Amino acid sequence: METKIVEEIWPTELGGAPYGLSVVAVSAVIFYILSLFTQVLTPSGLGKKTSWKWKNISISFVHSVLSGTWACICFYVKPEMAEDLISTYDTFAHTLIAVSVGYFIYDMWDMFVNQRTRQSYELMGHHIVIIVCFTIAIVTRIYVGYATVALLIEINSIFLHLRQLMLICGISKNNSFYRFNSVVNLGTFIVFRISVMAWMSRWMLINKDFIPLVFYSLGSIGLAVMTVMNIILFYRLLQSDFIHKKDKCKQEE
C-alpha cells in the first residue's frame, strides 16, 4: 500500500509585490482623501470627539460595502477559487485584498493620530494582525482565496457600522428602521462572522499539512484574536439591542 506524501505549499516567487503594494499605497491615500470629503457631511451640533467618530465610522462603512460586495463577486466570477483557497490566483481578488490593506493602514493611522483610547489600541492590534496576514497573500499571490473568504465578514460590518452611525445621529433604538437593522445585524453576525470564522478555523485544521508552520501560526493567531473580539462584540450587541431593551419594556409595564 502506497503512502501518500503531503508537501507544504511554499511561495515560489514574490511577484505580487510590485502591483499589490502599489494598490495598497493608492488605496490608503484614497481613503484619506475620502475622509476629508466625509467631514463636510458631518451632522451639525456634534462635539469634536463625536465628529471624528462619525468620520471614522463613515469611512469604515464605505469600506464594508465595497469589500463585502467585492468579495461575493470574486467567488461568483472565479468559482474555482473556492475549491482551492491556497493556490488559485485571481487578479480581481488580489486587488480587493490590497485595497483592504490600504484601508486598514489608513484606519490605524487615523486612530493613532486622533483617538488613542483602549478600544482604539485593541482595534489597531486587530488591524496589524490582518495587515500581516493579508500582506502575505498580496506579496506571494497564494492564500488569495482564503483572504477573500475572510473579507466576507465585512457583509456584517455594513449593518454594524450603520448601527453606530444611527446612534451618533441620535436615532432612537425604538425606531423601526433601527430595530430592523438590529435584527439583520444579528443575523448577518451569526452567518458572516461566527459561521465564516468557524469554517475558516476548520479549513485550517483540515489543510494544516499543506500550510507551512510560520503561515499556520500567523493564521491561528489572527483567528484567535478575531474570535475573542467577536465574542465580546456579540455579547455587547445582545446586551445593548435586545436584553436591555426587554428589561426596559418590563419596567415600563
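In the predicted model, Lys55 and Asp110 are joined by a salt bridge in which the closest N and O atoms lie 3.2 Å apart. This pair connects distant parts of the chain, since Lys55 belongs to helix H2 and Asp110 to helix H3, with their positions 55 residues apart. Both partners, Lys55 and Asp110, are buried. The C-alpha atom of Lys55 is separated by 9.4 Å from that of Val40, a residue 15 positions away along the chain. Val40 is part of helix H1. In contrast to the buried Lys55, Val40 is classed as exposed because its relative accessibility is 69%, where exposure requires a value over 50%.

The structure contains four salt bridges. Side chains of opposite charge can pair when their charged atoms come close. Among these bridges is that of Arg163 with Asp241, whose closest N and O atoms are 2.8 Å apart. This pair likewise links distant parts of the chain, with Arg163 in helix H6 (residues 154–168) and Asp241 in helix H8, 78 residues apart. Arg163 and Asp241 are both buried. A further salt bridge is formed by Lys78 and Glu80, for which the closest N and O atoms are 3.7 Å apart. Lys78 has a relative accessible area of 21% and is therefore partly exposed, the range for this class lying between 20% and 50%. Glu80, at 36% relative accessibility, is also counted as partly exposed.

The interior of the model includes a largest nonpolar core of 46 residues, within which Ile97, Phe134, Tyr143, Tyr146, Met200 and Trp203 have the most contacts. At least two residues of this core are supplied by each of H1, helix H2 (48–77), H3, helix H4 (118–140), helix H5 (144–150), helix H7 (176–206) and helix H8 (213–252). Helix H3 provides the largest share, with nine residues. The surroundings of Ile97 were examined with its neighbours within four places in sequence left aside; on this basis, Ile97 is in contact with Phe134, Ala137, Ile138, Val144, Ala147, Thr148 and Leu151. One of these partners, Phe134, is itself listed with Ile97 among the core residues that have the most contacts.

A nonpolar patch is present on the surface, formed by Val29, Tyr32, Ile33, Leu34, Leu36, Phe37, Val62, Trp109, Phe112, Val113 and Tyr121, which together have about 1000 Å² of accessible area. Helix H1 (17–40) and helix H3 (91–114) each contribute at least two residues to the patch. The greatest contribution, six residues, is made by H1. Leu36, a member of the patch, is located in helix H1. With a relative accessibility of 39%, Leu36 is classed as partly exposed. Helices H1 and H3 thus supply residues to the surface patch as well as to the largest nonpolar core.

Confidence was assessed along the chain. The average pLDDT is 88, and 91% of the residues score at least 70. Over residues 249–253, however, pLDDT remains under 50, and the model shows zero contacts beyond four places in sequence for this segment. Where pLDDT is low, the predicted coordinates should not be read in detail.

Key: Residues are numbered from 1 along each chain as its sequence is written. This is a predicted model: local features need pLDDT of at least 70, side-chain atom pairs count only at pLDDT 80 or more; totals for chains, interfaces and linings use all residues. Side-chain values use heavy atoms; hydrogens and water are left out. Patches are made of residues with over 30% relative accessible area and no salt bridge: like charges are joined within 9 Å, nonpolar side chains (Val, Leu, Ile, Met, Phe, Trp, Tyr) within 5 Å. Accessible areas come from the Shrake-Rupley method with a 1.4 Å probe; for residues, only the protein chains shown count as cover. A salt bridge is a side-chain nitrogen of Lys or Arg within 4 Å of a carboxyl oxygen of Asp or Glu. Helices (H or I, at least four residues) and strands (E, at least two) are DSSP runs, numbered from the N terminus. Buried means under 20% relative accessible area, exposed over 50%, partly exposed in between (1.4 Å probe, protein chains only). pLDDT is the predictor's confidence in each residue, from 0 to 100. Contact means heavy atoms within 4.5 Å. A nonpolar core is a set of buried Ala, Val, Leu, Ile, Met, Phe, Trp, Tyr and Cys residues joined through side-chain atoms within 4.5 Å.
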